[in-house]
Amino acid sequence: MSSQIVMTSSFVVSNTDSFISMLVNELGSESSLQASIQKQLNEIAKAAEKSKLEGSVISIDSVLQSSTTQSSETITVTVDSDVSTLTVPQSISMTLVATVIETVPAGQSKGGVAMSVSNTKTYPLDGATSTGIAQVVTALNAFDDGKSFDAKLTSATIKTSDDSPKD
């Protein structure tokens, strides 16, 4: 069985991709998830330091994404004329996408030319984040469009569906 939070608002979301991205980042601010993110980033940094070239500088850019592939487990926003509907699964698996950038300054390279190499990898984070209506509302209120969505909220319900295969 899977459960989803379905919220309807009279606020019309104009950029659904941006809205979902901001919401995922805010839902990812939960302390246990932050600990998992920090642990993974520390491991990435240690590995990068071990393999770096002499005189190079390492930087890491990262972004948090929902890693779910089943439609019943993804965050969606649908807009129908003057109503937006947000659907958030109650259990969200998160993935950290990290890009390690190694830069060798011109003065440190043999040819006297600055060089930069980047490598991007995806890391699944431990466990799924459990989400409730209160967490979604808190996450919505952390960014402007989310505040507008919440201010014009018309309904918030939990929909449960049976995902077991049908014979």
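**Chat about a predicted model**

Modeller: The structure holds one salt bridge (a side-chain nitrogen of Lys or Arg within 4 Å of a carboxyl oxygen of Asp or Glu). This is a predicted model, where local features need pLDDT of at least 70, side-chain atom pairs count only at pLDDT 80 or more, and totals for chains, interfaces and linings use all residues. Residues are numbered from 1 along each chain as its sequence is written, and side-chain values use heavy atoms, with hydrogens and water left out.

Colleague: Which residue does E49 form the salt bridge with?

Modeller: K52; the closest N and O atoms are 3.6 Å apart.

Colleague: Is E49 buried or exposed?

Modeller: Partly exposed, because its relative accessibility is 46%. Buried means under 20% relative accessible area, exposed over 50%, and partly exposed in between (1.4 Å probe, protein chains only). K52 is partly exposed too, at 30%.

Colleague: New topic. Where does T87 lie?

Modeller: In strand 4. Strands (E, at least two residues) and helices (H or I, at least four) are DSSP runs, numbered from the N terminus. T87 counts as buried because its relative accessibility is 13%.

Colleague: What does T87 touch, leaving out residues up to four places away in sequence?

Modeller: Q4, I5, V6, T74, I75 and T76. Contact means heavy atoms within 4.5 Å.

Colleague: And helix 3, which residues are buried there?

Modeller: V136, A139 and L140. Seen down the helix axis, they fall within an arc of 100° (taken from the directions from the axis to the C-beta atoms), so they line one face.

Colleague: Which exposed residues are on the face turned away from that buried side?

Modeller: A134 and T138.
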